[in-house]
Structure formats: structure tokens, C-alpha cells
Amino acid sequence: MKCLVTGSNVKVLGKAVHSLSRIGDELYLEPLEDGLSLRTVNSSRSAYACFLFAPLFFQQYQVATPGQDQLRCKILMKSFLSVFRSLAMLEKTVEKCCISLNDRSSRLVVQLHCKYGVRKTHNLSFQDCESLQAVFDPALCPHVLRAPARVLVEAVQPFPPALAEVTLGIGRGRRVILRSYQEEEADSAIKAMVTEMSIGEEDFQQLQAQEGVAITFCLKEFRGLLSFAESANLSLSIHFDAPGRPAIFAIEDSLLDGHFVLATLSELDSHPQTLHAQEEPQRPEPRLPAHSTPHLDLDDFAADDMDSYMIAMETSLGSEGSRALPSTSLLPGLQHPCSSSPHSEEEDDDMEPSTVPGTPPPKKFRSLFFGSILAPAHSPQGPSPVLAEDSEGEG
Amino acid sequence: MKFRAKIVDTACLNHFTRVSSMIAKLAKTCTLRISPDKLNFVLSDKVANGGVSMWCELEQENFFSEFQMEGVSAENNEIYLELTSENLSRALKTAQNARTLKIKLTNKHFPCLTVSIELQLSVSSSSRVVTHDIPVKVIPRKLWKDLQEPTIPDADVSIYLPVLKTMKSVVEKMKNISNHLIIEANLNGELNLKIETELVCVTTHFKDLGNPPLASENASQDRNSEQMAEVHIDIRKLLQFLAGQQVNPTKATCIS
């Protein structure tokens, strides 16, 4: 395998690697007929990211030398990122970047040809691996939002950088609403500030969703793709479905495309299961930080299917050249026949026990968009009854 | 209890934002006192133990184009709220290009100060609305007496400070050498910032600062205008105060 990237595309490649590094610790590199694919997934499998660079992106693109097997390799994200760490340096001094696989020494060689005759060669060790493919299809998602990256950057600007999760939905008047999502902690006396941003429909290139739909996902992971889209000046589309189903964030242009698939919080409400018979089984046990006590009623959930809350992954050796967008496959959860009580047997609590930073633990989902917030079980603390009432409505 | 106010002028908004950033740097939690013509930010700490206390007063009509409030009762027409100062500062910072900013006291399952900002980033973009719900705690009337304006005791010397930025950079360098700073001032417009350790003694002299007119004339007549009054203070607390200054004061007075 040999790819040669020149000029400003080197920085684009570097930016893509930065975006991917926000998601996972390992980079899966696979040269395909369609282009070079860079993929990663986070450790809890709740976020998957993939960039595909078309052959035209490269000055030279050679998938495999004759006689060589098709390569799939897995590299430590930190190692690969270190080559592209300084984007300013890439822009100013790097003229060409050559990525090749050296079979004999089993090293991935990344060579940067810089100004003034300087050449930097990085020999990165890799592991052979299976192809990482997430099973998802944007065409199956009923709701789509598309806007220039700039609009979405402005949309997330009011939120603190540390905010983990955000809820995106359509509110009254077809306004797109982003709202900070706070975990409800019954014992916390200090409530957090809630921020909401509302944007008019006209700022969106496409808005195909009804009022009231909403999903909650990890903002930190989304910011990774957003910063790439902003620097490349592309539009970003968000394809989503019911809460609990993964949301697909996509960008594309003639030379590359990128997909981030993020799990969303599932709706945990007290309605009987029959109302949501078609819905994917709920997420199992919340992964809460050790000090707080889980207060969700797990008896409500019949399903404990570990795969269903993860983005369905396929790791198959035989998938030659196929892109990660098979047109007909669905998430495994949905393919199970939906009986009236989905998944009545409970599997063992075989969950990953450790908390994973950046992964949204399942929590109560609050329906926010028509102003109602499901009441927390506790009343506000304070020495005296609450005297403040709503100041009179809009002027 | 009701409170509702609106700012439409950009300069007022920026000034208010800077004041709230300054408060956020000085104190994590502070009390906001709302009365018919003023807004106060209060922090009261155990001054006897070396704590810091702060009182900040804003004339409401200098900032707000609309201001309506209704206090706890007719005789006590004031509202005291406790909030995390950083929340207010962060909320106001998102109002950089705002057309209007509204603040309301609301009750969304717990009392909140809702800051609602209308933005129009460019002619072609839609009008955007950012809302921040800042949780607040209503302070009961019986605790109001601890949050009144501190009385400034009769001073031996009162002096106008030099440019705060200069003072800050001097004090910052001194902090590495000692924990305590000695401030000396006299009625002749001279101020010294001094640190003393076993190994070294460093003094920075400021001259020709003015002195504000003293309240009690009797005290000043007895006093030799060259005689220095001195205080020892904790350097870090002073630095915290100086670092927080974002509003350029016309006068900063030091009283001892």
C-alpha cells in the first residue's frame, strides 16, 4: 500500500486524525478500492467514526502491491496523531506526506517531506486486525437536519466546553433546539445551570423532522466532527431516529466523506412497553460514577441484550472493498421479531463494569421541547418555601 | 416576588458582563440583592479570620432599559438571592452580539434566574435565542442583616491607589517571596508596598498619588502628613482582588 498526499490536503488529513482522536484510542487503517479509510470506535462502543478519502484526494494511491494481501491494520491513535500533532507545522512546512506499509518490517511508514530538504520518517508499529465496520444506514433514519458547519458551531458556542451531553430536537415553530443535558442527581443540592439555544428553521439547508422529536448524545464526541467540518467549510447532516437509536453525523465532498455514529440516550419513561413495541430494547444498567446511587428502576427493562445498546459492529475478515454502508442491514436489535414483551429473558449483568469517560450513561430522558420537564422526585431544598413565581410572560 | 429586567444597549451589556466576570473571579458564591433602584453583589465572609468581604453596588438605571421588581413584602421590598457567580458570568459572556438581554426570576421546579438573549449574528441568519437558567437560592429575611453594606471604619489614612495594573504586576512578583505584604501610606500621597523576609526586603514606592478628603477633619489635623500608617495583609487575597479587576475604575481607594 502506498499513498501520497500533497499540499493543503496534508493538513486536511491531519485534521481528520485529530477529529478521530476525540473518539477512540486505536485507529483502523484500511486501503480500499474506494479510497483510504480511517476508522475508530470508542471503548464502550457508543461512538464510531470513519473518514474515507477518495483516490483523487491523493497524488498517488496504490491499494496493494501485486502479490501483497490486502492490508488492514490497527495503530495506536496516539502514535498516528503524533505525526500530525501540530497542524500549524503541517501547513507551513510539510510539502508531501507519504504513507506506506512496509511488509518486511511490519511497520506503517509515514514520511513527511518538508521544506528545506527536511524529511521526517515515522515508523509506526501496527497490528493486523479485522475490518471495523459499523452497521448503519443514514437512509433509514426518518429525521434529517442539514446545516453549514458554521451554523452548528454557533449553535454549540453557548455551551461550556466541559458539558458532556446535549439534547437536540425540534421545538415549537419548527425551531431547532439544543439544550444542555444534566444528569438528575437526587442528592445534589447544587443544581447546574441549564443552557438552551434555539435556531430558526431558515438557517438549515434541510430540516426533515416533526416538532417534538429529540435525541440526546455526547457533545464532546460531536465536537470532533464539527471542528473538522468547520475547517473544511462543509455542511454537516444529522440523521436520527427515535431516542436510543444511534444518530449519524455525516459530512461529504468530492474528495472525502466522514461519518460519526453516536449512540443516543434512550427514553426511559414510565409508559408501558407496549407503546414502544417497535423500539429497540432499553439500555441496561446505567454506568454511574461510584459515589452516586443508581436510582433508575431497572425492573422496567426486560431487555438486557448487550449488543443492542452498542452500535452494531461487524468484524468480518471477508468483506472485500465494501464500504461501511451496506444498504440493507439493520441494527440487530430491530431484526428480532417484536413480540409483545421484547426479550423477556434477562441476560446476566455482564456489562463492562468500569466507567468510561465521555460515554453518556443512560439516564432519564426528559421531554423538554414543549416546556414540560418531568418533575424530579424531590422538592427544592431551602429553609423557606419557594416564593419566586414566574415573572409575567413575554413582552 | 418578581423580578424582570432588560438591557438593550451594547455598552451597558458589556459593562454588566465585565462586572459579573469580576465578581466571578473574587467569589465562587455570591449574593445578589435586588432593590427598586439598585443591584448589589455581596460577599460576606468572616472578616475577623482574614476572610474577604465584598460589596458591589450598581445603579439599576445605568444598565437596564426596563426594570421591575417586587420584593418579599411591601415593607421589605427587596430580593436576596444566592447564586454561583460563574454561572452568571458565563451566561452573560454568551451575549456578545445580543440585540436584547432579559433577566427574569422564574420558578422551573426550583427558583432560577433566567437569562434570555436574543442574537442576530448577521443579516442572513435567523434570530437566535439563548436561554440560561441559573439556579438560585432565595435567602430568607432573617439572614438579611448579615448582608448589609459594610461600614467603613474611620481611617487613619486614605489614599488613591496607583494604576491597578501596575500594582498588580508588582504584587505578583512579590508573592513569590513572601506571604504577607505591608502596605504603608501617608497623607502626602505616598504609598509603599513592602515585603520583608530574613534574607531580603523589597519595597516599591509610589509618589504623588492623591488623598481623598477625609471624613473627620479632627483626625487629620493631628496627624503628621508624612507619617505612614501601615497594615499587613495576605498577599494572595490582595492578588485575588487585583486579578479580578476588569472594570477600569476612576478611583480606587485604600483605607487604613
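Mentor: Contact means heavy atoms within 4.5 Å. Keep in mind that this is a predicted model.

Trainee: Which residues is B:Phe41 in contact with, leaving aside its neighbours within four places in sequence?

Mentor: The list includes B:Phe16, B:Val19, B:Ile23, B:Trp55 and B:Leu88. B:Phe41 is also among the residues with the most contacts inside the largest nonpolar core. That core has 124 residues.

Trainee: Which helix gives the most to this core?

Mentor: Helix α1 of chain B, residues 10-26, with seven residues. Another core, of 22 residues, lies apart from it. B:Ile195 and B:Leu238 are among its members.

Trainee: How do you know that the count of disulfides is zero over all chains?

Mentor: A disulfide needs two cysteine sulfur atoms within 2.5 Å. By this rule the count comes to zero. Take A:Cys73: the nearest cysteine sulfur, that of A:Cys129, is 6.6 Å away. For A:Cys98, the nearest is that of A:Cys97, 7.2 Å away. So neither A:Cys73 nor A:Cys98 is in a disulfide.

Trainee: Why does A:Cys73 count as buried?

Mentor: Buried means under 20% relative accessible area. A:Cys73 has 1%, so it counts as buried. A:Cys98 has 8%, so A:Cys98 counts as buried too.

Trainee: What makes B:Ile177 partly exposed?

Mentor: Partly exposed lies between under 20% and over 50%. B:Ile177 has 42% relative accessibility, so it counts as partly exposed. B:Ile177 is found in the loop between α3 and β12 of chain B. With B:Leu199 and B:Val200, B:Ile177 makes a nonpolar surface patch of about 310 Å².

Technical notes. Residues are numbered from 1 along each chain as its sequence is written. Chains are lettered from A and ligands numbered from 1 in the order in which they are written. This is a predicted model: local features need pLDDT of at least 70, side-chain atom pairs count only at pLDDT 80 or more; totals for chains, interfaces and linings use all residues. Side-chain values use heavy atoms; hydrogens and water are left out. Patches are made of residues with over 30% relative accessible area and no salt bridge: like charges are joined within 9 Å, nonpolar side chains (Val, Leu, Ile, Met, Phe, Trp, Tyr) within 5 Å. Accessible areas come from the Shrake-Rupley method with a 1.4 Å probe; for residues, only the protein chains shown count as cover. A salt bridge is a side-chain nitrogen of Lys or Arg within 4 Å of a carboxyl oxygen of Asp or Glu. Helices (H or I, at least four residues) and strands (E, at least two) are DSSP runs, numbered from the N terminus. Buried means under 20% relative accessible area, exposed over 50%, partly exposed in between (1.4 Å probe, protein chains only). A nonpolar core is a set of buried Ala, Val, Leu, Ile, Met, Phe, Trp, Tyr and Cys residues joined through side-chain atoms within 4.5 Å.
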